[in-house]
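Dear colleague,

Please find below the structure that I am handing over to you, with the sequence alongside. My notes on it follow directly after.

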Amino acid sequence: MQEQYRTVAREGVHETEINRSRFLCALAPAATEQEAQDFVARIRREHPTATHNCYAYVIGADAAVQKASDDGEPGGTAGVPMLQMLMRREMRYVVAVVTRYYGGVKLGAGGLIRAYGGVVGEALDALGTLTRRRYRLATVTVDHQRAGKLQNDLRATGRTVRDVRYAEAVRIEIGLPDADVDNFRAWLADTTAGTATLELGGEAYGDD
């Protein structure tokens, strides 16, 4: 698994004008290829009179799924430069749709490549990106007396508390980088005088 990947912070649209053509780049996070395709279809419905609705998406932390479409622009001048921009920025689980309203001035192949790739880069800058790092899910079980202080200590040391469940004992779910597991185990034993237990679970990605 990848140690980390980047994705777009939120869904949004960035617009620019190049030689009287309007270029609107719609970006969105997409957890699956189906989500990416649904987003493309939605943008096409929103812009039925556009000259082109070109798209690119990258799914998977390892970029296992990469798709691009020129949607009628000359081959390789739209979808591919969009995809290349997403890959250059190390973006994953993301879909980009660039809607073009033709303004009467031909851009030529080089101009199209710069326009489609460029508007994706501008949209990423405008909307912002997140880095998601790989975590080991871990559950700490501790008695009620120590639970409140332990939660505060966890947050104070910058660890992400993902869930807390109260039963006979308190179960606190956290995310740990693999490299931190041994240090955390020692810290936990020290902080709780050896009364807490640590169970390691599966892996997931979380925001910084």
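In this predicted model, helices H4 and H5 cross in a right-handed manner. The angle at which H4 and H5 pack is about 140 degrees, and their axes lie 12 Å apart. On the H4 side the contact is formed by Leu150, Asp153 and Leu154, and on the H5 side by Phe184, Trp187, Leu188 and Thr191. By character, the residues of this contact between H4 and H5 are five nonpolar, one polar and one charged.

Helix H4 itself covers residues 144-156, which makes 13 residues. From its first C-alpha to its last, H4 reaches 19 Å, close to the 18 Å expected at 1.5 Å a residue. Its buried residues are Ala147, Leu150, Gln151, Asp153 and Leu154. Besides helix H5 (181-191), the buried residues of H4 pack against three strands, namely E7 (129-142), E8 (160-166) and E9 (170-176). Three of the buried residues, Leu150, Asp153 and Leu154, also belong to the contact with H5. In general, an α-helix has 3.6 residues a turn, so residues three or four places apart point the same way. Just after H4, Gly158 has a positive phi of about 80 degrees.

Strand E8 contains Thr160. This residue counts as partly exposed, because its relative accessibility is 36%. The C-alpha atoms of Thr160 and Ile174 are 5.6 Å apart in space, although the two residues are 14 residues apart in sequence. With its neighbours within four places in sequence left aside, Thr160 is in contact with Glu173, Ile174 and Gly175.

A second helix pair is formed by H2 and H3. Helix H2 packs on helix H3 (residues 108-127) at an angle of about 35 degrees, and the axes are 8 Å apart. The crossing of H2 with H3 is right-handed. From H2, the residues Pro81, Met82, Met85 and Leu86 take part; they meet Ile113, Tyr116, Gly117, Val120, Gly121 and Leu124 of H3. This contact of H2 with H3 comprises eight nonpolar and two polar residues, and no charged ones.

Two loop residues may interest you for their backbone. In general, most residues other than glycine have a negative phi. Arg20, however, has a positive phi, near 75 degrees. Arg20 sits in the loop that joins strand E2 (12-18) to strand E3 (21-29). With a relative accessible area of 56%, Arg20 is exposed. Asp71 likewise has a positive phi, near 45 degrees, and is located in the loop between strand E5 (65-69) and helix H2 (79-88). Its relative accessible area is 30%, so Asp71 is partly exposed.

Is the loop residue His47 buried or exposed? His47 counts as buried, because its relative accessibility of 17% is under the cut-off of 20%. The loop that holds His47 runs between helix H1 (33-46) and strand E4 (52-59). Apart from neighbours within four places in sequence, His47 is in contact with Leu24, Asn53, Thr99 and Tyr101.

Finally, a word on confidence. The mean pLDDT of the protein is 92, with 98% of its residues at 70 or more. Among its elements, strand E6 (residues 94-101) has the highest mean pLDDT, 98, and strand E10 (residues 197-207) the lowest, 82.

With kind regards

Key
Residues are numbered from 1 along each chain as its sequence is written. This is a predicted model: local features need pLDDT of at least 70, side-chain atom pairs count only at pLDDT 80 or more; totals for chains, interfaces and linings use all residues. Side-chain values use heavy atoms; hydrogens and water are left out. Helices (H or I, at least four residues) and strands (E, at least two) are DSSP runs, numbered from the N terminus. Buried means under 20% relative accessible area, exposed over 50%, partly exposed in between (1.4 Å probe, protein chains only). pLDDT is the predictor's confidence in each residue, from 0 to 100. Axes are lines fitted to C-alpha atoms, for helices over the stretch in contact, and angles run from 0 to 180 degrees between N-to-C directions. A crossing is left-handed if the near helix is turned anticlockwise from the far one by less than a right angle, and right-handed if clockwise. Contact means heavy atoms within 4.5 Å. Ala, Val, Leu, Ile, Met, Phe, Trp, Tyr, Cys and Pro count as nonpolar, Asp, Glu, Lys and Arg as charged, and the others, Gly among them, as polar. The expected span of a helix is 1.5 Å times one less than its number of residues.
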